[in-house]
Amino acid sequence: MATSSIRVRFAPSPTGYLHVGGARTALYNYLFAKRHGGQFILRIEDTDEERSSEEFIRMQMEDLKWLGLDWDEGPEFPSLEDRGDYGPYRQSRRLDLYKKYADQLIDAGRAYFCFLTDEEIEVQRQAALKAGRPPQVNSPYRDWPKEKALERIAKGDKAVVRFKVKDEEKRDYVLNDLVRGEVRFPSDMVGDFVLLRSGGMPVYNFCCVVDDALMKISHVFRAEDHLSNTLRQMMLYDELGFKQPQFGHISLILGADRQKLSKRHGASSCHEYKVNGYLPEALNNFIALLGWSSPEGQEIMSMDDMIRLFSPERLHSAPAVFDPQKLTWVNSMHLRALAPKELWARVEPFLKEAGLKLPQDESWRMRALEVLKTGMSTLKDAVDAFRLLSDEPLEISEEANETLSWPSTKAVIQAWRDGIQSFAGDYLSEEDFLKLQDRIKDEQKVKGKHLFMPIRVAVIGKPHGTELKMLVPLLNKKILIDRADAVLKKLG
RNA sequence: GUCCCCUUCGUCUAGAGGCCUAGGACAACUCCCUUUCACGGAGUAGACACGAGUUCGAAUCUCGUAGGGGACGCCA
């Protein structure tokens with residue numbers, strides 16, 4: 001097996017369903033790994049004890065699996081047992097590691113215990129803001145000897161561990177970003193930041209560095225909102241003597257109002273798209289296009305296509321607005337490309353959930369799907385489409401009122417209803433239907449919409465829809481007659 | 001407020017100084033196909049944020065302005 005030193009990771013914090021933004025980050029990392037025969041690692045950033053839960057971890061995993069973004073290393077689903085040589089893969093299980101590196105920093109005089117309270121910090125913030133300075137903390141504990149701090153802690157006082165940003169040497173940290181090129185951060189952009197919380201839990205910028213280094217991560221594709229965090233992380237890489245991975249900061253996904261995409265923009269989690277009948281291959285395809293383009297401009301792509309075509313040079317640095325209409329189009333393209341049996345397998349759960357009773361036989365299903373699929377954009381659309389072919393009582397839509405008001409309509413429907421009987425078998429064939437339609441045309445002296453609209457209303461309760469010669473052979477005669485009777489009854 | 005990032009049709013994007021009277025896709029509109037609806041096909045309309053500069057030449061390079069976004073947490 002060809003080994004590659006490419007190792008990337010997706011590191012969600014388990015605080016809910018997987019967001020489309022997170023999914024896109026995961027996807028880009030996944031594509032990059034697969035493109036280069038590298039490893040895709042799942043690491044759980046569950047250091048926020050308030051908001052994280054194992055339930056959420058599993059939810060995120062299910063969404064990733066649904067999208068087909070399987071990881072080579074990380075906790076397994078559903079056991080959450082680690083798989084891989086660089087575990088544990090949940091940050092809450094790596095506390096001793098963070099402590100070790102924090103101690104190292106403290107002993108080197110690069111970090112210190114800080115006893116500032118929230119209130120004191122808030123006062124400092126306000127004062128700094130008022131004075132037009134960046135709201136950075138200024139800790140009086142910065143130069144306390146370790147022993148003195150330890151004594152105070154022994155007495156029961158709570159302390160965080162802060163990194164001591166060197167203020168004696170102002171300099172620019174230069175990041176060569178895979179997406180943005182050279183980015184320079186002035187070192188005084190940040191104040192002394194927290195490494196370890198008073199409870200011993202690490203804070204993002206710290207554990208992220210320790211983990212990426214220890215897990216030998218080579219490339220990090222993450223969202224742009226981490227760009228300014230990178231300065232802190234670069235300081236830590238330097239101080240800890242770790243080799244920095246290559247960073248690529250991808251742009252954010254925005255809602256129609258150009259604000260960061262969130263719940264208030266409507267569906268923003270993968271789970272919602274799954275439930276609403278979107279295909280994982282379509283969601284992947286669509287979100288990939290939000291910030292990346294294929295070299296030839298190809299838009300409809302399978303996962304394999306994207307793996308083959310992906311390269312970070314084609315990542316776009318400007319934020320992208322999420323357009324649900326285009327997603328729906330992409331979805332319908334993937335839907336139509338699916339083999340009939342596969343499509344049925346995807347559609348079936350939705351039909352079941354809707355409680356539709358439909359013929360069991362395979363050939364009927366395949367024919368029905370073939371007829372209905374051009375009208376479907378999502379799997380959920382199959383429910384309404386197939387409802388018309390089920391034995392559910394006919395709903396006569398308002399649109400049918402005009403058709404029903406024509407003087408000739410009643411006689412046409414009556415002739416239709418009576419004519420059905422004159423053919424042998426449980427179903428009318430396409431030829432049978434056309435023959436009957438012709439007969440009605442001659443006998444009732446109607447043509448055009450005055451002929452077929454009444455029949456369509458008698459068949460599906462609406463004057464518009466799929467071609468009758470395709471639809472009628474999919475409905476057994478009993479249903480056809482019952483429906484015609486229902487419409488006749490309404491006509492009185 | 002400070003710092004960082006971003007700026008091509010309504011939206012996603014192509015574009016690495018001349019190939020650009022700026023190309024494609026979604027959406028919109030028109031027409032064709034169709035005894036309806038969809039599908040499909042053919043078209044139409046629609047953008048380089050603004051201002052300077054560099055250059056023989058700028059959507060592309062530089063600077064400034066404006067606008068948008070992000071960060072400044074014991075969130076990630």
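A polar contact is a pair of N or O atoms within 3.5 Å. The exercises below use this cut-off on a predicted model.

**Exercise 1. Confidence**

Find what confidence the predictor assigns to chain A and to the complex.

Solution.
Step 1. Take the chain: chain A averages a pLDDT of 93, and 99% of the residues score at least 70.
Step 2. Take the complex: its ipTM is 0.95 and its pTM is 0.94.

**Exercise 2. Polar contacts with RNA strand B**

Determine which kind of RNA atom V321, Q325 and K326 each approach.

Solution.
Step 1. For V321, a polar backbone atom lies 2.9 Å from a phosphate oxygen of RNA strand B.
Step 2. For Q325, the protein atom belongs to the side chain, and a sugar or linking oxygen of RNA strand B is 3.5 Å away.
Step 3. For K326, an N or O atom of the side chain is 3.3 Å from a base nitrogen of the RNA.
Step 4. Compare each distance with the cut-off of 3.5 Å. The values are 2.9 Å for V321, 3.5 Å for Q325 and 3.3 Å for K326, so each pair counts as a polar contact.

**Exercise 3. The surface near RNA strand B**

Describe the protein residues around RNA strand B and the part of the RNA that they meet.

Solution.
Step 1. There are 63 residues around the strand, and T47, R197, Q259, F452 and H464 come nearest.
Step 2. On the RNA side, sugar and phosphate make up 75% of the atoms that come within 4 Å of the protein.
Step 3. Sort the surface residues by type: 21 are nonpolar, 20 polar and 22 charged.
Step 4. Locate them in the fold: the elements that each supply at least two residues include β13 (320-321) and α11 (324-337).

**Exercise 4. An aromatic pair**

Classify the ring pair of Y30 and F40, and state where its two residues lie.

Solution.
Step 1. The whole structure holds 17 aromatic pairs.
Step 2. In the pair of Y30 and F40, the ring centres are 5.5 Å apart and the planes stand at 90 degrees, so the pair is edge-to-face; the cut-off for that class is over 60 degrees.
Step 3. Y30 belongs to helix α1 (residues 20-35) and F40 to strand β2 (residues 39-42), so the pair ties together parts 10 residues apart in sequence.
Step 4. Check burial, for which the limit is under 20% relative accessible area. Y30 has 10% and is buried; F40, at 0%, is buried too.

**Exercise 5. Charges over rings**

Name the ring beneath R7 and the ring beneath R152.

Solution.
Step 1. The charged end of R7 sits over the ring of Y86, 4.2 Å from its centre.
Step 2. R152 lies over the face of F115, also at 4.2 Å from the ring centre.

Definitions and conventions:
Residues numbered from 1 in each chain as written. Chains lettered and ligands numbered in written order. Predicted model: local features only at pLDDT ≥ 70, side-chain atom pairs only at ≥ 80, totals over all residues. Heavy atoms only, no water. Phe/Tyr/Trp six-rings, centres within 6.5 Å; stacked < 30°, edge-to-face > 60°. Helix = DSSP H or I, 4+ residues; strand = E, 2+ residues; numbered from the N terminus. Buried < 20%, exposed > 50% of the residue type's maximum accessible area, 1.4 Å probe, protein only. Lys NZ or Arg CZ within 6 Å of the ring centre and 35° of its normal. Near = heavy atom within 4 Å. Polar contact = N/O pair within 3.5 Å; in protein donor to acceptor, adjacent residues only side chain to side chain. Nonpolar A, V, L, I, M, F, W, Y, C, P; charged D, E, K, R; others polar. pLDDT = per-residue confidence, 0-100.
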